[in-house]
Amino acid sequence: MEPEEKQSFFGTNYIRFLGGRNTLFTLIALLLIGLVIFIFREVSFIFNPFIVFMQTVVLPIILALILYYLLRPVLRLLEGFKISRIWGIVIIFLGVTGIMTLITVLVLPFLRDQFTNLIEEFPSYFMQLLNNIDAFLRNSIIGDYYSGSSFDIERLLETLPVNIGETIQNAASMIVSGITGFISTITGFVLSIVIVPFILFYLLKDGEKLPQYALKLLPPRFRDDTKDVFREMDRQLSAYIQGQLIVAFCIGVMIYIGFLIIGMDYALLLGVLAMVTSVVPYIGPAIAITPAAIIALVTSPFMLVKLAIVWTVVQLVEGNLISPQVMGKTLFIHPVTIIFVLLTAGSLFGFVGVILGIPGYAILRVLVSHIYKLFKRRYNKHETDLEKHYDYTELH
């Protein structure tokens, strides 16, 4: 009986799954990558111009991509009517310009007036709210403890205008001291907005060809898998951007109609605020309901009840009817995951992270799931080869 051949370290199932002898080269490559990162961190000042360039172009590119995914279905529809792509883009640009002009002329002045009135009256709303809370606490079961405490809401109300004035003065002095940075920021933002139409034009014209250009740079055996990744990323981004904006628009319209029905002040402004903030899931609606709740609470307790009813109906309709129909299950993410992603992205990248956290997570999930499939395919291949090897040795 021949002694059983001892299996080498590189011939074990786990190491074969990772790549066999290539595992050693992979570890060496990771070590070299870490060394390169360490060196780059020490000479990071060399890359400051590149970082400034990326910070300059990232905003117009993101805005152009959002508009591209919104307008691409319209362009395809126009092409279905035998309109050339160039003329379709021209028609889209003219239509968008006309819509923006109508909004600027008809809606923005009314919103501006409502916003100005709300800013002027909000301190009185807030003080009235504090007075109502104070009266409620004094007449509640804890009234004796509240009256005997050192907290005096009347003193707070007397000092509040002074504190607000000091805060405004401090903010003004900070703005004046940082006026140069503020102007440069505004200038960069305006330039970004001006650049967006040019980037959008070329995206609409050649955007669907860009993945083909990228695939030609890869080795032939990687192209099929990379093409699947590009296709899935495109589907995820398209579903999220189009679906989320449609859902946000529906929420804003429903909030506006509901507030009109119950007689809420500033219905249009609050509806627009709800529409804008609903772009961010879960956190956005909580931000939008805060000023509406303060106004309703100051107006009357019954108005607060009506506000709660309207908000509950809107959330039920959105969660059970609009979102499933518009977004479907193409981008199903658990609510807890969404909250953690938003908190993490907001802590790392601020407001931009909150806006781009969910689509970024969707892209990352596509990459990770595809890499997992590749590893799984490799594992199954080595499992089959190992079984054939064992069958062969047993037969001989």
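These legends accompany an overview and several close-up views of a predicted model.

**Figure 1. The protein chain is built from helices, with zero strands.**
Welcome to the whole molecule before we zoom in. Along the sequence, the pattern reads α-α-α-α-α-α-α-α-α-α-α-α-α, giving 13 helices in the protein chain. Of the 396 residues, 26% are buried. The exposed area comes to about 27200 Å², and carbon and sulfur atoms supply 71% of that area. Among contacts with a separation of 6 or more, 70% join residues that are 24 or more positions apart.

**Figure 2. A salt bridge joins R72 to D234.**
The protein chain has six salt bridges, and this close-up shows one of them, with 3.0 Å from N to O between the side chains of R72 and D234. The pair ties together distant parts of the chain: R72 belongs to helix α3 (residues 48-80), while D234 belongs to helix α9 (residues 220-262). Along the sequence, the two partners are 162 residues apart. Are these partners buried or exposed? R72 counts as buried because its relative accessibility of 7% falls under the 20% cut-off. D234, at 25% relative accessibility, counts as partly exposed.

**Figure 3. Within helix α9, E232 and R235 lie three residues apart.**
Here we stay in the helix that also holds D234. The side chains of E232 and R235 meet in a salt bridge, at 2.6 Å from N to O. The spacing of three residues corresponds to about one turn of the helix, and both partners lie in helix α9. How accessible are the two residues? E232 has a relative accessible area of 25%, so it is partly exposed. R235 is also partly exposed, with a relative accessibility of 38%.

**Figure 4. R112 and D113 form a salt bridge.**
For the last close-up, we turn to R112 and its partner D113, whose closest N and O atoms are 3.7 Å apart. R112 is exposed because its relative accessible area of 54% is over the 50% cut-off. D113 has a relative accessibility of 40%, which means that this residue counts as partly exposed, in between the 20% and 50% cut-offs.

Definitions and conventions:
Residues are numbered from 1 along each chain as its sequence is written. This is a predicted model: local features need pLDDT of at least 70, side-chain atom pairs count only at pLDDT 80 or more; totals for chains, interfaces and linings use all residues. Side-chain values use heavy atoms; hydrogens and water are left out. Helices (H or I, at least four residues) and strands (E, at least two) are DSSP runs, numbered from the N terminus. Buried means under 20% relative accessible area, exposed over 50%, partly exposed in between (1.4 Å probe, protein chains only). Contact means heavy atoms within 4.5 Å. Accessible areas come from the Shrake-Rupley method with a 1.4 Å probe; for residues, only the protein chains shown count as cover. A salt bridge is a side-chain nitrogen of Lys or Arg within 4 Å of a carboxyl oxygen of Asp or Glu.
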